[in-house]
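Trainee: I am new to this structure and would like a close look at a single part, the place where chain A and chain B meet. Could you take me through it slowly?

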Amino acid sequence: MLSQWYHQYGEPGVQQAVKRYARAYQRARVSVQWRPGDYDQQIATALLTDVGPDVFESVGGTLDQIRAGQIVDLTDAIGSAAADFNQTVLATMTYRGKIYGIPQAIDMQLLYYRKSMLAAAGIHPPASLDELVAAARALTTPDVKGLFVGNDGGAGALGPTPLYAAGLELLTADGAVGFDDPSAAVTLGKLRTLYADQSLLLGAPLDWSNPAAFTQGLTAMQWSGLWALPHISKALGDDFGVLPFPPDGARGRPAAPIGAYCCMVSSRGRQIQAAKAYAKWLWVDRTDYQQDFALSYGLHLPARISLTLQENRLRTGMAAEAVRFATEHGWALPLRWTDRSRVALQDAMTRIIQDGADPAAELAGAVLTARAELDRVRG
Amino acid sequence: MQRRHLWFWIFTGPFVIGLVVFSYVPLIWSLTLSFFDAHNTVTPKNFVGLANYAAVLKDPAFTASLGTFVLFTLFIVPATYALSLGLALLVHRQKFGRAFFQSVFFLPTACSYVVASLIWRLSIFNGVRFGLVNSVARAFGGSSVAWLSTTHPPLYWLVIVTVRLWLQAGFYMVLFLTGLTRMPTMLYEAAALDGAGPGWRSFRHITFPQLRTTSVAVLLLLTISAFQAFDEFYNLLSNSRGYPPYARPPLVYLYYAALGQGQDLGIGSAGAIVLALVIAVFTIVQARSFRLGEKHP
C-alpha cells in the first residue's frame, strides 16, 4: 500500500480525478489523501517522521529538504522524457544534476484587464509599468479601483515579478544575487506609487488568487492565475484581456511567473522503489492522465512540451496568449532561492509599498540576507 | 501507607506522564536543537554552539516581534482590565435583567478566536465598499478604508485589539462580578455614614482596594494570554504568501521560522528559548511588583 498526498485543489473534480488515476494503477494499491489547510507545512512536518506519505506533490521550499536527504532522486524515473518537460520548471527541481521532482502541471500568473472599462476611459492595455501606473490611476473611481495585486499591495502576489520585468533576476546563472542593481529600487518605487495613488484595491474578502474582485467589478485590472481564466471567461464573456507583467526601464521585458506542483518521493517511505515506479507511471508514462489533470479542471498548462503543442484547447483565444507568455516570458523561482530569502524580499517590498520606505535601503537588506543564504546552501 | 502511594500515583500518574511527554521532553529537546544546525531535521548532527542565538538576536524581524509583543501587552492588558471592570460595575448595579446582561457580555468567550478573526476580517473590517464598517462610513459621507492594509496610521491595530476585547472582556467581567458579590455591604453602609455616597469616592476608596486579589489574578491572566497571542494575528493578517512585516508577534515569527517552509528548527528553538526567558523575567517582575505570595492584612 502506497500513500500519496495532494493539497486541496480549488477546482471541482480534481479529487475524484486523482483517485481515479490511483485506482487504475495495477502494481500496487495507492491510498490518496486530500489534505486541506497549510499543505506545505504539513509536508515539511510529515517528512520528519516515518508516518508521512510515500509519494506527494510539493512546490517550492525543497532545497533544504533535498539537502537533508528527505527527497528521493528521480532522475532515472524521469529518464529521457526529461527533455520533453518545460525546462524552466524542471530546472527548479534539479540540484547538482539530479532531478528531485516530476512537474505535474504548470500554473502561471498574469494580468487580467476589463476591456470595457479601459475603453470607457480611453486607455490602451498597458505596455509598460509606467503605463500600468497611469492606467490604474485613471481607472480608479469611488466604487472601482484601478488594479488589484493582492490585499498587501503586491508584495506577496507579485513577489519578484517586477524585478524580472526590469530585466533583472533573483539569482544569476553563476549563482550570485541578481537584483543588486539600482534599477530594482526604481521599479519597486513604482509599486509604491500605485499604493500611494490609492489606485490599488486593498482588503478584498477574497485575495488575488480568486477572481471574485475582478468579476464583481471591484477592480478594472487584477493580477491572478491562469487557473482563474475559465471562471472569468464564464462570468465576463469576451469582456477581458490578459497581459504579462509589463516591462520597466531600458532593459525591461514582460514577465510571467510560472511554477508547478511536482511529484516527489519521500526517502522515509518503506517502499521507495515501488513509490518511484508509481510516480513514473503517473507523471511520465500516463500522458493521457497528465493531459486530463492539466486541462479538465480549471486551466493549467501541461508540464510536457509535446502535450502543450498537440492540445487544441491551447491554440486559440486567451489560452493561446497564456501559452505564449509562459513560453516567451516565463520565469520560475530558482531552487537556491530559499524561504528566508523570499521572506526578506517580501518584507522589504511590503515596507517599500505600504510604508514608503527607501527602496534602495530595503533592497540592500534583502540582498544581504540572500547572499548569506547562498553561502549557507553552498556549504 | 503503600496504599496511599498507589492511589497518589493512580490519580497523578497520567498528568505527570502527560507533563513529562508533552512539556519537559519537548522543552529539553528544543533546548538541544537550539545549539544545532537543524534545518529540516529533529535529530541534527551539526553542533553550532550559540550561533542560532546570535542569529536570532541579530535578526531585526525577531527583535521587532518582541517590540510588537510589548506594545500589544502594554495596550491590551490595561484596556481589557478597564473594560471588563467597567462592564462588571455596570452589570452589578443592575436591579433588573442582570443575568441577561451577564450572559450577553459573557457569550463571546464561547466563540473561537479563529472564527471571530474571520468575521472581523471578511465581514466587519473588510476593505471594500460593502464591508460593515465601510458601509456605515460611506452612509455618513466617508470613503472605504483598507483596515488591515493601512500602516500609516496603523489601522490594523484597531481590528486586532477590538476582536480580542470582544472575545475576552466578558470572561474577566465575570471574575470581577464574583469579587464584587463577595464584598461586604457594611463597608458601603459605614462609608455612607461617614458621608461618602455611591460614586467615584466609594469606588476609589472601597471597591477598587477590595478588588485587589481579583485585580492581581486578572492582570496576571491577561498578561499570560497576551504572551500567547497568535490566533487573531495569524488569521487576520496572514495570506497565502506569508505574513506582513508589521504586527508580527514572536509566536507568529517562530511559527514561520520553524514550522513554515523555513523548517529551521535550530533558529526556531533558539527564538523560543529567548522568548521563554523574556516571559520569565516579565512574570517575575510582575509578581514582585504585585507582591504575589506575600501575606496581606
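**The interface of chain A and chain B**

Mentor: A good place to start is one pair of residues: the side chains of Arg138(B) and Asp143(A) meet in a salt bridge, with 2.6 Å from N to O, where a salt bridge is a side-chain nitrogen of Lys or Arg within 4 Å of a carboxyl oxygen of Asp or Glu. This is a predicted model, in which local features need pLDDT of at least 70 and side-chain atom pairs count only at pLDDT 80 or more, while totals for chains, interfaces and linings use all residues. Residues are numbered from 1 along each chain as its sequence is written, chains are lettered from A and ligands numbered from 1 in the order in which they are written, and side-chain values use heavy atoms, with hydrogens and water left out.

Across the interface of chain A and chain B the rule finds 3 salt bridges, and it also finds 18 residue pairs in polar contact, both residues being at pLDDT 80 or more. A polar contact is a pair of N or O atoms within 3.5 Å; within protein, one must be able to donate a hydrogen and the other to accept it, and residues adjacent in sequence count only if both atoms are side-chain atoms.

On the side of chain A that touches chain B, the elements that give two or more residues are helix H2 (39-46), helix H3 (63-67) and helix H16 (339-355) of chain A; helices (H or I, at least four residues) are DSSP runs, numbered from the N terminus. H16(A) gives the most to this side, with 10 residues. By kind, the residues of the side of chain A that touches chain B divide into 14 nonpolar, 14 polar and 13 charged, where Ala, Val, Leu, Ile, Met, Phe, Trp, Tyr, Cys and Pro count as nonpolar, Asp, Glu, Lys and Arg as charged, and the others, Gly among them, as polar.

Taken as a whole, the contact (heavy atoms within 4.5 Å) takes 41 residues from chain A and 35 residues from chain B. The two chains bury about 2,900 Å² between them, 44% of it on carbon and sulfur atoms, buried area being the accessible area (1.4 Å probe) that two parts lose on being put together, summed over both. In chain A, Gln41(A), Leu48(A) and Pro205(A) lose the most area to chain B, together 17% of what that side buries.

As for the partner, the secondary structure of chain B comes to 13 helices and 0 strands, a strand being a DSSP run of E with at least two residues.
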